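Let's take a walk through this one together. Keep the sequence and the 3D view open as you read.

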Amino acid sequence: MARKKKYTRDSSVTMTELVLPNDTNTLNNLMGGRLMHWMDIVSAIAAQKHSNRIVVTASVDNVSFGKSIQLGNVVTLTATVTRAFNSSMEVHIKVTAEDIPSGKKFNSNEAFFTFVAVDQSGRPIDVPELVPETDEEKELYAGALRRRQLRLVLAKRMKPQEANELRSIFELDN
Ligand SMILES: CC(C)(COP(=O)(O)OP(=O)(O)OC[C@H]1O[C@@H](n2cnc3c(N)ncnc32)[C@H](O)[C@@H]1OP(=O)(O)O)[C@@H](O)C(=O)NCCC(=O)NCCS
């Protein structure tokens, strides 16, 4: 039976949070762990919407914190499914922070999380195919295969020799 197809826009999610005292460290900056918690939630919702299933976080690609987010800032997280494989989906999360009184807004973080759709017993189950439409969606879709192979090699779930998309990085041709 042909796999169902869904578009990126069918599952995109935007979540807004206000940084409160309980979210911050002793310098009044947003704690990294709190931000990652929000990133996990927004991306899990996007993956649930794409698959219409329960999902579990399988992996989190590297997250770096270049600029601190301050107490009182408004944080906006946007999650989009970039590509669906068999049971797994890669989700891209973009984070922006805004100081409303001064009108200053900046891009804070970007990350890729991978979710796996599971049945009631926790077993992986196939998800609909994702069809990218815009140029940005197509670029993220194309890069998703390379990122998947890299994370599976790092997780020792794929042999570097089998990671065709990574041959030029690992120079495995010899
Ligand atoms: C993720 C999980 C369901 C995978 O189960 P599994 O029995 O290893 O299943 P499989 O080997 O068949 O892999 C299923 C999918 O997960 C993907 N996957 C597994 N580990 C992965 C990893 N580290 N990174 C990215 N994808 C991964 C596989 O590539 C596969 O994708 P595909 O179906 O699209 O090809 C299982 O490891 C699990 O339940 N982990 C705990 C999840 C959890 O509790 N998350 C919260 C963390 S606190």
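**Starting inside the sheet**

Start at S88, whose bridge partner in β6 is V116. Strands here are DSSP runs of E with at least two residues, helices are runs of H or I with at least four, and both are numbered from the N terminus. This is a predicted model, in which local features need pLDDT of at least 70 and side-chain atom pairs count only at pLDDT 80 or more, while totals for chains, interfaces and linings use all residues. Residue numbers start from 1 along each chain as its sequence is written.

That S88 bridge belongs to the antiparallel pairing of β5 and β6, which runs over twelve bridges. Two strands pair if DSSP finds at least two bridges between them. β5 and β6 form a hairpin with four residues between them, and G103 in the turn has a positive phi of about 75 degrees.

Now zoom out a little. The open sheet has five strands in the order β2-β4-β5-β6-β3, with antiparallel pairing. β2 (13-18) and β3 stand at the edges with a single partner strand each, so one side of each has no neighbour in the sheet. On average, neighbouring strands here are turned by 30 degrees against each other, direction ignored; the axes behind such angles are lines fitted to C-alpha atoms, for helices over the stretch in contact, and angles generally run from 0 to 180 degrees between N-to-C directions.

What about the two edges? At one of them, six bridges join β2 to the antiparallel strand β4 (residues 74-84), and T16 stands opposite T76 in β4. α2 packs on the sheet, touching β3, β4, β5 (88-99) and β6, and its direction makes about 85 degrees with that of β4. Contact between two residues means C-beta atoms, placed from the backbone, within 7 Å. Over at the β3 edge, β3 and β6 pair in the antiparallel sense over six bridges, with V60 opposite F113 in β6.

**Around the ligand**

Which residues come nearest to the ligand? Of the 17 residues around it, they are S59, F85, N86, S87 and S88; a residue is near if its C-beta atom, placed from the backbone, lies within 6 Å. So our starting residue, S88, turns up again here. β3 (54-60), β6 (104-118) and α2 (135-154) each supply at least two residues of the shell, and β3 gives the most, with four. By type, the shell divides into eight nonpolar, seven polar and two charged residues. Nonpolar covers Ala, Val, Leu, Ile, Met, Phe, Trp, Tyr, Cys and Pro, charged covers Asp, Glu, Lys and Arg, and the others, Gly among them, are polar.

**Two loops and the whole chain**

Two loop residues other than glycine deserve a look. N52 lies between α1 (32-51) and β3, and its phi is near 55 degrees, a positive value. N52 counts as exposed because it has 12 C-beta neighbours inside 10 Å. The cut-offs are 20 or more other C-beta atoms within 10 Å for buried, 12 or fewer for exposed, and partly exposed in between, with C-beta atoms placed from the backbone. K156, in the loop between α2 and α3 (167-170), has a positive phi near 60 degrees and is exposed, with 7 other C-beta atoms within 10 Å.

Stepping back, the protein chain has three helices and seven strands. Of its 174 residues, 30% count as buried.
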